[in-house]
Amino acid sequence: MELKQMASLLRLTADEGAEKALLALGQLPDAISKSQAYRTYGRSNVDRWLTEGLLKLSNQKLSRANLEAIAAASNRVTYLPVAERKG
């Protein structure tokens, strides 16, 4: 593993750990607004996840836990190009 990859992995791990700790302490809400999700995960990703039924919008909020799980499971390398998705 290269140093750049290791640093990226450590940063991601620290961010996830901090977020889990803040959630456990009740310092972060369980749900976030659609605009917050857009900023964090990207508008096209969030809109696609909603269209595909992976996420449900409830009271104009999205579950933080669901967003994190879907984002973690997403493997952009395997996405089909737009032309192939319609097939």
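1. Two residues are said to be in contact when heavy atoms lie within 4.5 Å. The points below use the word in this sense when they describe the structure, which is a predicted model.

2. The overall composition may be taken up at the outset. The chain holds five helices and two strands. Read from the N terminus, these elements follow the order α-β-α-α-β-α-α.

3. The chain has 87 residues, and 17% of them count as buried. Its accessible surface amounts to about 6,800 Å². Carbon and sulfur atoms account for 56% of that surface. As for contacts between residues at least 6 apart in sequence, 55% of them join residues at least 24 apart.

4. The pairing of two helices deserves attention. Helix α2 spans residues 34-41 and helix α3 spans residues 43-51. Their axes come within 7 Å of one another and cross at roughly 120°. Helix α2 is therefore oblique to α3, because the crossing angle falls neither in the range of 65 to 115 degrees that counts as roughly perpendicular nor over 145, where roughly antiparallel begins.

5. Which residues make this contact? On the side of α2 they are Lys34, Ala37, Tyr38 and Tyr41. On the side of α3 they are Arg43, Asn45, Val46, Asp47, Trp49 and Leu50. By class, the residues of the contact divide into six nonpolar, one polar and three charged.

6. Asp47 may serve as an example from this contact. The residue is part of helix α3. When neighbours within four places in sequence are set aside, Asp47 is in contact with Lys34 and Tyr38, both of which are listed for α2 in the contact between the helices. The C-alpha atom of Asp47 is separated by 9.8 Å from that of Ala37, a residue ten places away along the chain.

7. Is Asp47 buried or exposed, or does it fall in between? Its relative accessibility is 26%, so Asp47 counts as partly exposed; the class covers values between 20% and 50%.

8. Arg64 offers a second case for study. This residue is located in helix α4, which covers residues 64-73. Arg64 has a relative accessibility of 12% and therefore counts as buried, since the limit for that class is under 20%.

9. What surrounds Arg64, apart from its neighbours within four places in sequence? The residues in contact with Arg64 are Glu19, Leu23, Leu28, Pro29, Asp30, Ala31 and Ile32. The student may find it useful to locate each of these in the structure above.

Technical notes: Residues are numbered from 1 along each chain as its sequence is written. This is a predicted model: local features need pLDDT of at least 70, side-chain atom pairs count only at pLDDT 80 or more; totals for chains, interfaces and linings use all residues. Side-chain values use heavy atoms; hydrogens and water are left out. Axes are lines fitted to C-alpha atoms, for helices over the stretch in contact, and angles run from 0 to 180 degrees between N-to-C directions. Helices (H or I, at least four residues) and strands (E, at least two) are DSSP runs, numbered from the N terminus. Angles under 35 degrees count as roughly parallel, over 145 as roughly antiparallel, 65 to 115 as roughly perpendicular and the rest as oblique. Ala, Val, Leu, Ile, Met, Phe, Trp, Tyr, Cys and Pro count as nonpolar, Asp, Glu, Lys and Arg as charged, and the others, Gly among them, as polar. Buried means under 20% relative accessible area, exposed over 50%, partly exposed in between (1.4 Å probe, protein chains only). Accessible areas come from the Shrake-Rupley method with a 1.4 Å probe; for residues, only the protein chains shown count as cover.
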